[in-house]
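Visitor: I am new to this structure. Please take a close look at a single part of it, and then work outward from there at your own pace.

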Amino acid sequence: MSSSYDSVKIGLVSISDRASTGVYEDKGLPALQDWLGRALRNPLQYETRLIADDQALISQTLVELVEAGCALVLTTGGTGPAPRDVTPEATLAIADKVMPGFGEQMRQISLQFVPTAILSRQVAVIRGNSLVINLPGQPKAIAQTLEGLKDAEGKQQVPGIFAAVPYCVDLIGGPYLQTDEAVCKAFRPKGAERPSAG
C-alpha cells in the first residue's frame, strides 16, 4: 500500500554534550522516530546523528543532512539560555530563510504546561529544498509541540507545528508528506491536496 506514497528521507539530530559522550542514554532520537513513525504514512528513511553542543559541528551536521537529500531535518536539545545551548545560532547560520512561526507556536503550546517555556529559543529555517526545525529536548515536549493539544475527546484545541510541515515541504519542492490523521492532520489549501492513496 505504501508504494503509492513518496519516499522521504528525514534527518534527526540529538544535540547533547552528555548523551554524545555516553554519560546518559539519548532519548531524543528514539522519541522522534517513534512519533514520526506513527504520524507519517510515507516510507521513511532516517539519517540520525548524536552530537555535542558545539556550534560549528551542529551547523556542519545540518548542512550535511540537507546535502544528503533530507527533506526535513529535526533537531532536539540545546535551545535553552545556558552557555552551551547554541542550537538556534547554529541553525540560523545555515539558513536561506527563517520561518519564525514554528518557534512561536512551539512556545505557545509549551506555555500551556510550564511557564519556563518562554526560555526556549527554538527556530526553524529553510535551506535549499529542506525544512530544518529545532524541537525541545524532552520526549514529552517533542510530542506535544509536534502534535498540539487535544481535549479529552481527542478534538484538536491547539494545532501542533507538524500540521503545517507537509505544506511547507510542498512549497519548497520536497516530497508529498501523508499524515495519519489520528495522530496529526496535515493542513493544505484545497487546491494543494492530492487524492488519498487509500
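Guide: Start at threonine 76, which stands opposite leucine 135 in β6. What you are looking at is a predicted model. The part to look at closely is β6, which covers residues 130-135.

The pair just named belongs to the contact between β3 and β6. These two strands run parallel and are joined by five bridges. β3 itself covers residues 72-76. β5 also pairs with β6, in the antiparallel sense, and here the number of bridges is four. One of the residues involved is valine 125, whose bridge partner in β6 is valine 132. The chain passes from β5 to β6 through a hairpin, with two residues between the strands. Glycine 128 sits in that turn and has a positive phi of about 60°.

Now consider how the side chains of β6 are placed. Ser130, Val132 and Asn134 point one way from the strand. Leu131, Ile133 and Leu135 point the other way. Residues pointing either way are buried. A residue counts as buried when its relative accessible area is under 20%. Because six of the six residues of β6 are buried, the strand is largely enclosed by the rest of the structure.

The next step is the sheet to which β6 belongs. It is an open sheet of six strands, in the order β2-β1-β3-β6-β5-β4, and the pairing is mixed. At its edges are β2 (44-51) and β4 (97-98); each has a single partner strand, so one side of each has no neighbour in the sheet. For β4, pairing with β5 is antiparallel and takes two bridges. Valine 98 is one residue to look for here, since it stands opposite valine 125 in β5. Valine 125 is also the residue whose bridge partner in β6 is valine 132, which brings you back to the strand at the start.

Two helices can be placed next. Helix α2, residues 28-39, lies across β6 as well as β1 (8-15), β2 and β3. Relative to β2, helix α2 runs at about 165°. Within α2, aspartate 34 and arginine 38 are four residues apart, about one turn of the helix. Their side chains meet in a salt bridge, at 3.5 Å from N to O. Aspartate 34 counts as partly exposed, at 45% relative accessibility, and arginine 38 counts as partly exposed too, at 39%.

The other helix is α6, residues 139-147. Its buried residues are Ala141, Ile142, Gln144, Thr145, Leu146 and Glu147. They pack against β6 and also against α2, β3, α5, β7 (148-150) and β8 (156-159). After α6 comes glycine 148, with a positive phi near 90°. Glutamate 147 has a relative accessible area of 19%, and therefore counts as buried. Its side chain forms a salt bridge with that of lysine 150, at 3.7 Å from N to O. Lysine 150 is partly exposed, at 29% relative accessibility.

The two salt bridges described so far are among eight in the structure. Another joins aspartate 6 to arginine 194, whose closest N and O atoms are 3.5 Å apart. Aspartate 6 is in the segment before β1 and arginine 194 in the segment after α7 (165-171), so this pair ties together parts 188 residues apart in sequence. Aspartate 6 is partly exposed, with a relative accessible area of 25%. Arginine 194 is also partly exposed, with 42%.

For a contrast with the buried strand, look at the surface. Leu111, Ile118 and Leu119 form a nonpolar patch there, and together have about 280 Å² of accessible area. Isoleucine 118 lies in the loop between α5 (100-110) and β5 (124-127). Its relative accessibility is 61%, so it counts as exposed.

One more loop gives a sense of distance. Alanine 68 lies between α3 (55-67) and β3, and is partly exposed at 32% relative accessibility. From alanine 68 to glutamate 153 the separation is 85 residues in sequence and 41 Å in space, C-alpha to C-alpha.

To return to the part you came to see: β6 has β3 as a parallel partner and β5 as an antiparallel one. Helix α2 lies across it, and buried residues of α6 pack against it.

Terms used
Residues numbered from 1 in each chain as written. Predicted model: local features only at pLDDT ≥ 70, side-chain atom pairs only at ≥ 80, totals over all residues. Heavy atoms only, no water. Patch = residues over 30% accessible without salt bridge, like charges linked within 9 Å, V, L, I, M, F, W, Y side chains within 5 Å. Areas by Shrake-Rupley, 256 points an atom, 1.4 Å probe, with all protein chains shown as cover. Salt bridge = Lys/Arg side-chain N within 4 Å of Asp/Glu carboxyl O. Buried < 20%, exposed > 50% of the residue type's maximum accessible area, 1.4 Å probe, protein only. Pairing = 2+ DSSP bridges. Contact = heavy atoms within 4.5 Å. Axes fitted to C-alpha atoms, helices over the stretch in contact; angles between N-to-C directions.
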